[in-house]
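Colleague: I'm new to this structure and a bit lost in it. Please pick a single part, look at it closely with me, and then show me what lies around it.

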Amino acid sequence: MKIDLTDTTASKVNKALVQGRRAIGTPAVGMVLTLVIVTDEENAYDALKAASDASHEHPSRTLVVIKRVSRSPRDRTQSRLDAEVRVGAEAGTGETVVLRLYGEVADHAQSVVLPLLLPDAPVVVWWPVNAPLDPAKDPLGALAQRRVTDTYASEQPVRDLATRSGTYTPGDTDLSWTRITPWRSMLAAALDQVTCEVRAVEVEGEEFNPSCELLAMWLADRLDVPVKRSLSGGPGLTAVRMDTTCGAITLDRADGSLATLSIEGQPARGVALKRRDTAELIAEELRRLDPDDTYASALRYGVDRLKASWSGQAAKEEPVAKGEPKSDGRERLALPAPVETAAKAPAAEATAQAPVKQEPPQLEPVRKATTK
């Protein structure tokens with residue numbers, strides 16, 4: 001059942017929800033949480049579909065907040081709230097309310113959402129795109145026990161990841177972290193099968209992929225060993241190689257679906273490691289509503305290195321003198337690890353190029369970070 005309301009209020013939306021439940025014969029409220037999705041019109045359909053699929057595992061009241069941009073100055077001064085109430089088969093196993101905010105009311109979305117929250121039920125806020133850099137201080141984020149973002153959808157994911165490490169508040173999480181759950185489980189299971197000491201790790205994946213950075217930081221934080229970040233064509237994470245005292249342990253996924261686990265002295269075996277869709281990711285996040293201390297520890301580990309890698313990327317894009325060897329950027333994306341020095345140019349060229357680019361001072365903090 002679907003009920004459309006134009007130029008309405010939160011009170012009328014609540015009445016429409018009660019009316020809809022009675023019309024389909026389910027007056028009782030059986031939802032376990034309130035999921036607030038803050039998005040734009042372009043991404044609303046995909047986000048709502050993912051939430052609807054996840055509701056089969058977590059019945060919830062889903063509130064979709066869409067802030068509409070007014071075309072003229074006069075329209076921006078006129079506030080209006082349009083709502084679309086869906087119950088029954090239209091909303092999966094829960095209830096869905098699509099809220100479109102116009103004018104000044106768009107700046108006060110929390111006042112519209114607050115009366116629609118389920119009483120005595122946890123609140124989760126999810127930003128599929130355009131997430132704030134400090135979700136806990138956002139007016140809608142302040143209403144929630146759990147705040148879900150996705151740095152993979154941002155224009156500068158690594159820089160946003162570094163910023164969020166400084167603004168982290170218990171309850172924050174990221175779908176880029178959720179994407180590496182199978183990788184973390186598989187690597188932990190592989191290490192349980194051997195009694196060796198890990199000496200170094202290499203994480204290979206796409207450039208500027210926040211999931212690759214988070215996995216590398218998690219390994220460096222937990223194993224306390226140098227972790228090298230190398231690049232590949234993807235998709236996503238492609239390989240993790242661990243150098244141990246008993247030989248190499250490799251988890252390689254070249255096609256994005258089937259991976260090969262190789263342990264020294266054991267036959268290689270294939271493992272299912274497919275790339276999951278958004279519905280599976282958000283369903284996993286809704287299973288746990290307490291703070292994720294492991295994510296917080298991994299996120300904070302690489303703050304300085306991530307900031308240094310971003311400044312190094314900006315320096316790489318500056319014009320260089322003729323004849324200067326160009327770097328592919330791999331060493332700037334490496335986490336605390338020994339950094340190879342570029343081949344020296346002839347003495348005459350090195351003298352002319354010295355003022356253009358000075359990488360050693362930028363990479364010095366990386367060497368300091370390796371000592372704990």
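Modeller: One term before anything else: a contact here means heavy atoms within 4.5 Å. With that rule, 72% of the contacts in the protein chain between residues at least 6 apart in sequence join residues at least 24 apart. Keep in mind that this is a predicted model. The chain has 372 residues, of which 48% count as buried, and 14 helices and 14 strands.

Let's take the eight-stranded sheet as our part. It is an open sheet with mixed pairing, and its strands run in the order S1-S4-S5-S3-S2-S6-S7-S8. S1 and S8 are the edge strands; each has a single partner, so one side of each has no neighbour in the sheet. On average, neighbouring strands here are turned by 15° against each other, direction ignored.

Start at the S8 edge. Strand S7 (residues 146–149) pairs with S8 in the parallel sense, over three bridges. If you want a spot to zoom in on, find Thr149, which stands opposite Asp174 in S8. Helix H9 packs on this sheet, touching S2 (33–39), S6, S7 and S8, and its direction makes about 145° with that of S6.

How much of H9 is buried? Seven of its 10 residues (278–287) are, so the helix is largely enclosed by the rest of the structure. The buried ones are Ala279, Leu281, Ile282, Ala283, Glu284, Glu285 and Leu286. Notice that two glutamates, Glu284 and Glu285, are on that list.

Stay around S8 for a moment and look for the rings. Two aromatic pairs turn up. In one, Tyr168 and Tyr295 are edge-to-face, 6.0 Å centre to centre with 65° between the planes. Tyr168 lies in the loop between helix H5 (157–166) and S8 (172–174), while Tyr295 is in helix H10 (residues 293–301), so this pair ties together parts 127 residues apart in sequence. The other pair, Trp177 with Tyr295, is tilted: 5.6 Å centre to centre, 55° between the planes. It links distant parts of the chain too, with Trp177 in helix H6 (residues 175–178) and Tyr295 in H10, 118 residues apart. Put together, Tyr168, Trp177 and Tyr295 form one aromatic cluster. Tyr168 and Tyr295 are both buried, and Trp177 is buried as well.

Now go over to the S1 end. Thr8 lies in the loop between S1 (2–5) and helix H1 (10–23). Is Thr8 buried or exposed? With a relative accessible area of 10%, Thr8 falls under the 20% cut-off, so it counts as buried. Beyond its neighbours within four places in sequence, Thr8 is in contact with Val13, Leu81 and Ala83.

Val85 is another good landmark here, in strand S4 (residues 80–87). Its relative accessible area is 1%, which makes Val85 buried. Among the residues Val85 contacts, outside its neighbours within four places in sequence, are Met1, Ile3, Leu5 and Thr96. Val13 appears there too, and you met Val13 among the contacts of Thr8. The C-alpha atoms of Val85 and Val98, 13 residues apart along the chain, are separated by 6.6 Å.

For the surroundings, there is another open sheet, six strands in the order S10-S9-S11-S12-S13-S14, again with mixed pairing. S10 (227–231) and S14 (269–272) are at its edges. Within it, S11 (residues 237–244) and S12 (residues 247–252) pair in the antiparallel sense over six bridges. Helix H7 (residues 181–192) lies across S9, S11, S12, S13 and S14, at about 25° to S11. Helix H8 (residues 210–223) lies across S9, S10 and S11, at about 175° to S9.

Last, how far to trust it. The mean pLDDT of the chain is 80, and 77% of residues reach 70 or more. Strand S6 (residues 123–126), a member of our sheet, has the highest mean among the elements, 96, and helix H12 (residues 330–333) the lowest, 37. Over residues 306–372 the pLDDT is below 50, though the model gives this stretch 88 contacts beyond near neighbours in sequence. Where pLDDT is low, predicted coordinates should not be read in detail.

Technical notes: Residues are numbered from 1 along each chain as its sequence is written. This is a predicted model: local features need pLDDT of at least 70, side-chain atom pairs count only at pLDDT 80 or more; totals for chains, interfaces and linings use all residues. Side-chain values use heavy atoms; hydrogens and water are left out. Buried means under 20% relative accessible area, exposed over 50%, partly exposed in between (1.4 Å probe, protein chains only). Helices (H or I, at least four residues) and strands (E, at least two) are DSSP runs, numbered from the N terminus. Two strands pair if DSSP finds at least two bridges between them. Axes are lines fitted to C-alpha atoms, for helices over the stretch in contact, and angles run from 0 to 180 degrees between N-to-C directions. pLDDT is the predictor's confidence in each residue, from 0 to 100. Rings of Phe, Tyr and Trp (its six-membered ring) pair if their centres lie within 6.5 Å; planes under 30 degrees apart count as stacked, over 60 as edge-to-face and the rest as tilted.
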